[in-house]
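Please open the structure in your viewer and keep the selection tool at hand. The tour below proceeds from strands to aromatic rings and then to charges above rings.

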Amino acid sequence: MKKVIGALSIAACTTLFATSYVGAEETQGEPSIEQEGWNLVWSDEFDGNSLDPSKWRHDIGNGQPNLPGWGNEELQYYSDDPKNVRVENGELIIEAHQESVSDQYGTHGYTSGKVLTEGRFSQTYGRFEARMRLPAGQGFWPAFWMMPENDQYGGWAASGEIDIMENAGGTPNKVGGAIHYGGPWPENQFQAGDYYFPAGTDATGYHEYAVEWEPGEIRWYVDGNHYQTINDWYSTGGSYPAPFDQDFHLILNLAVGGWYGGNPDGSTPFPSSMAVDYVRVYER
């Protein structure tokens, strides 16, 4: 989930920053996570009747006054209303609605939800995974991502960002993964790659999205298929492997509009939701 201070067009981002595509590597007969040496240290299976406040908190609003549109030209107002964020049938549901909500900063035409583990759980290195299904529709921008707990190396993106999975709802045949790093905006840089689903499947089905983050390397997976490795980055605030050597917390959200996939149109179905079956964190 790109957190950009100031508006950047897709064309500008394409011109300024290099992105990469790495094809999926199909894997069969792989050992289990536990057999690979990963030990479960934190999880939420969403088995209760409400969001666990010891694990998650809500972001509320549209990012004002300091970051209107959450820095990405997003249109939604994040709410903690159960219609936008709820736990039911063993899943976390984050649902976007087309409706007007007003606050001291103006009127917003959509509501949705964003939850994060900031102040509850963060970790340096590990395997971070979630199983979820995503909504299809022009203008939806669901994401599973990570931000630094303490911005140890300075403002975004000097302290980094790890995007485990993000999707433009108008293209449900693929998802993306990325890192942001470098200096504070506008000296930020990023690297990114896309995973394309096999024929007959897409992001509206349930899939497991994960990164394995180790000193000097981050690897991206969809359903166990490794599709991207990045091991080259920097921070103006510290020496390599900064900024990816500090605690990061987890974020789940469903944005509406913004530069990643554009704004909704008459074809966009409301309400629509993303559903999260579980979130699990491991360490070696």
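**A tour of strands and rings**

Begin with Ser 102, which stands opposite Thr 107 in β6. The model on display is a predicted one.

Next, select strand β5 (residues 91–103) together with β6; the two run antiparallel and are joined by 5 bridges. A hairpin of 2 residues connects β5 to β6. Now add strand β3 (residues 76–78), which runs parallel to strand β6 (residues 106–112) and is joined to it by 3 bridges. Here Tyr 78 stands opposite Ser 112 in β6.

Turn now to the aromatic rings, of which the whole structure holds 18 pairs. Select Trp 42 and Phe 121: their ring centres are 4.9 Å apart and their planes meet at 15°, so the pair is stacked. Trp 42 belongs to strand β1 (residues 39–44), whereas Phe 121 lies in the loop between β7 (114–116) and β8 (126–133), 79 residues apart. Trp 42 is buried, at 11% relative accessible area, and Phe 121 is also buried, at 13%.

Proceed to Tyr 181 and Tyr 234, an edge-to-face pair with 5.6 Å between centres and 80° between planes. Is each ring buried or partly exposed? Tyr 181 is buried, with a relative accessible area of 8%, while Tyr 234 is partly exposed at 38%.

Then select Tyr 125, Phe 128, Trp 213, Trp 233, Tyr 240, Phe 244 and Phe 248, which ring pairs link into a cluster.

Finally, return to Trp 42 and add Lys 55, which lies over the ring face at 5.9 Å from the ring centre. Likewise, the charged end of Lys 114 sits over the ring of Trp 70, 4.4 Å from its centre.

Note on methods. Residues numbered from 1 in each chain as written. Predicted model: local features only at pLDDT ≥ 70, side-chain atom pairs only at ≥ 80, totals over all residues. Heavy atoms only, no water. Pairing = 2+ DSSP bridges. Helix = DSSP H or I, 4+ residues; strand = E, 2+ residues; numbered from the N terminus. Phe/Tyr/Trp six-rings, centres within 6.5 Å; stacked < 30°, edge-to-face > 60°. Buried < 20%, exposed > 50% of the residue type's maximum accessible area, 1.4 Å probe, protein only. Lys NZ or Arg CZ within 6 Å of the ring centre and 35° of its normal.
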